[in-house]
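Please read the following explanation with the structure open, moving through the charged and polar side chains in turn.

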Amino acid sequence: MRARALVLVTITAVALTAPSASANGGAYIEFEGTHHLPGEQVTGTVYVSIRAGKMDLIDRGPFFAYVLPPGTAIDPRRGLPAGAIRVGTFAIEQEKDQTELTVTFTVPHTEGDYYSVGLCNDPCTLNGFGEPVSGVLSVVGTKREAALLGDVSRLHSQLAALKRELRKGERGAEEELASLSDALDESEAARSRLTAQVRTLEQQDAAAETAAEEAAGRLSVRPWAAATVAVALSALAFVLAGRRRRRNIGSSDEVLPERI
């Protein structure tokens, strides 16, 4: 159970590494190193932004660093929590856009654990400059413990990186699947259009074949009709020719007048 608690706090401590990082209305102290043995010298730095109308807060110093019992924090309305250990005084340096606060102290002889480090003046009436100033200090009993905790931190960092890559891969797979789905929809639509065109062409081809058959039927009737007309004309010509012959015979029987 304690190992799980250490892992959770380690993750929190690793997340609070940016000099000007702040969350939940707080500015966080970054300590050199990760895990510290009692008696070691450690330096912490924090950057705060103080509004122009609040620069007089600096005059309410000096400001001290306190190592606090686990699970406690500085609340100026209630003063310092029981068991708070004053370990150093913050040096203040004004910069253009930010104010740098630095403190160097000796790690107190306490049990291995994760301790909050807070800022306050004396008497404790101000724990920040518009936002609380605090940090997390990891105290270990041996160098071996420090190495093991460092390994745990690195493993969790690697695990977090792998999870990010996994989520990235999942998003990529989802995007690829969506793209394939769109392509499939387009393919189905194209197939439907081609099917409709083929049906239209088949209908046109069938209509053309029907028209061709009808035209061939009409052409097959016309030669018989022409032959019939030819026979009729031949018969008519034969009758007329017979009539001309009979007239010629009748005229040859008449007596020609004698010549004088």
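In this predicted model, a positive surface patch is made up of Lys163, Arg164, Arg167, Lys168 and Arg171. Lys163, one of these residues, belongs to helix H2 and is partly exposed, its relative accessible area being 44%. A patch of negative charge is formed by Glu202, Asp205, Glu209, Glu213 and Glu214. Within this second group, Glu213 is likewise placed in helix H2, which spans residues 143-252, and Glu213 counts as exposed because its relative accessible area of 58% is over the 50% cut-off.

From the patches we turn to paired charges. Side chains of opposite charge can pair when their charged atoms come close, and the count of salt bridges in the model comes to four. In helix H2, Arg191 and Glu188 are three residues apart, which means that about one helical turn separates them; they form a salt bridge in which the closest N and O atoms are 3.4 Å apart. Glu188 is partly exposed, with a relative accessible area of 37%. Elsewhere, salt bridges with shared partners join Asp75, Arg77 and Arg78 into one network. Within that network, the closest N and O atoms of Asp75 and Arg77 are 3.2 Å apart, and the two partners stand in contrasting surroundings, since Asp75 is buried at 18% relative accessibility while Arg77 is exposed at 76%.

A further salt bridge joins the side chains of Asp122 and Arg86, at 2.9 Å from N to O. This pair links distant parts of the chain, for Asp122 sits in the loop between E8 and E9, whereas Arg86 lies in strand E5 (residues 85-89), 36 residues apart. Asp122 is exposed at 53% relative accessibility, and Arg86 is partly exposed, with a relative accessible area of 42%.

The loop that holds Asp122 also contains Asn121, placed between strand E8 (113-120) and strand E9 (133-139). Asn121 is buried, with a relative accessible area of 4%, and a polar atom of the Asn121 side chain lies 2.8 Å from the backbone nitrogen of Thr125. The backbone nitrogen of Leu126, in turn, is 3.1 Å from a polar atom of the side chain of Asn121.

A last polar side chain to examine is that of Glu100, in strand E7 (residues 99-106). Glu100 counts as buried because its relative accessibility is 15%, under the 20% cut-off, and its side chain makes a polar contact of 2.9 Å with the side chain of Tyr47.

Methods:
Residues are numbered from 1 along each chain as its sequence is written. This is a predicted model: local features need pLDDT of at least 70, side-chain atom pairs count only at pLDDT 80 or more; totals for chains, interfaces and linings use all residues. Side-chain values use heavy atoms; hydrogens and water are left out. Patches are made of residues with over 30% relative accessible area and no salt bridge: like charges are joined within 9 Å, nonpolar side chains (Val, Leu, Ile, Met, Phe, Trp, Tyr) within 5 Å. Accessible areas come from the Shrake-Rupley method with a 1.4 Å probe; for residues, only the protein chains shown count as cover. Lys and Arg count as positive and Asp and Glu as negative; His and the chain ends are not counted. The place of a charge is taken as NZ of Lys, CZ of Arg, CG of Asp or CD of Glu. Helices (H or I, at least four residues) and strands (E, at least two) are DSSP runs, numbered from the N terminus. Buried means under 20% relative accessible area, exposed over 50%, partly exposed in between (1.4 Å probe, protein chains only). A polar contact is a pair of N or O atoms within 3.5 Å; within protein, one must be able to donate a hydrogen and the other to accept it, and residues adjacent in sequence count only if both atoms are side-chain atoms.
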